[in-house]
Amino acid sequence: MKKNVFHLSLFLVLFSLFIFSCTDSIEPVDNTDIVNEENSTDDVDGEDDSDDGNAGDDTNDDSGDSTDGDGNNDDSSGDDMNNDDTSDDDSTNDDSSDSSAALVGSWRLVSATINDGEASTTFNGSPVTFSFTSTSQDEDVDITFQENPDVVQGMGQYTNVIRFTIVNIDFVEEATFDSPLTDGSWEMPNDNELIITGSSQANGTFTINELTANTMILQTDFEQTVPTDDLELDTTGVLVIELAPN
């Protein structure tokens, strides 16, 4: 009986020690640590969201600034181009106006020359072709340009001196011509061209080689039959007319 009591007591002591040891090994859960861990997780998520937001802002700012800058530059370049076009148009109009103003007035013939002259005629019963030179003398021609309406009036005559050689014979022939510009209407499509329309075959399209307040030089293709004292010449060439103000 004593032996059984001893065994029971020993069992209780051992069981108590076991319970006590188990109780020590179980650590209480620290709620503070759990809360801190949750907060740290939220902080990490917040930082990511903040970074994402900033990245969006940066993207929007950069793209917006770039787009606005490009748009402004394009508008400025467009304005510059428009300004350039306007200045060009103004310059063209000014040049045309200046040329017309220089044309209007009273002029006198200084010289009438035929360059690159070629002629043909019949000599001793045979057709011949040859080159010739032509200059003017005794010029007594007045030409007046008016505007509104744009009309030209030419009057007077000059002597045309023609020099050429046929079968080793030198000829100097003279012919009388009326004013190289006669009555008609004039227009200037551009600074280098003068068109005179009228009934006279002397009128036509003239190239303006020079036009200032002191000099006007015109040229035009020349094709005309020229009667001289000895022969009748079918001539072609380039007629150059020089005028000076009266």
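Let me start with a term: a residue is buried when its relative accessible area is under 20%, exposed when it is over 50%, and partly exposed in between, using a 1.4 Å probe and protein chains only. By that rule Trp-107 counts as buried, because its relative accessibility is 2%.

Some housekeeping, friends. This is a predicted model, where local features need pLDDT of at least 70 and side-chain atom pairs count only at pLDDT 80 or more, while totals for chains, interfaces and linings use all residues. Residues are numbered from 1 along each chain as its sequence is written, and side-chain values use heavy atoms, with hydrogens and water left out.

Now the overall layout. The chain has two helices and nine strands, counted as DSSP runs numbered from the N terminus, with helices being H or I of at least four residues and strands E of at least two. Reading from the N terminus, the order is α-α-β-β-β-β-β-β-β-β-β. Of the 246 residues in the chain, 26% are buried.

Back to Trp-107, which sits in strand S1. Its C-alpha lies 4.3 Å from that of Pro-245, although the two are 138 residues apart in sequence. Across the chain, 55% of the contacts with a separation of 6 or more join residues 24 or more positions apart, a contact being heavy atoms within 4.5 Å.

Trp-107 also turns up beside Phe-145. Setting aside neighbours within four places in sequence, Phe-145 is in contact with Trp-107, Trp-186, Leu-194 and Met-216, among others. Phe-145, Phe-164 and Leu-194 have the most contacts inside the largest nonpolar core, which has 37 residues. Such a core is a set of buried Ala, Val, Leu, Ile, Met, Phe, Trp, Tyr and Cys residues joined through side-chain atoms within 4.5 Å.

So what about empty space? Here a cavity is a set of points, on a 1 Å grid over the protein atoms alone, where a 1.4 Å probe fits but cannot get out, and lining residues have an atom within 4 Å of a point. How many cavities of 30 Å³ or more does the structure hold? Just one, and the largest cavity contains about 40 Å³ of space, with volume taken as the space filled by probe spheres set on the points.

Strands S1 (105-123) and S3 (151-166) each give at least two residues to that lining, and S1 has the largest share, three residues. Among the lining residues are Ala-112, Tyr-158 and Phe-222.

Technical notes: 1 Å grid on protein atoms, 1.4 Å probe; cavity = no way out; pocket = protein on both sides within 12 Å on 5 of 7 lines; lining within 4 Å.
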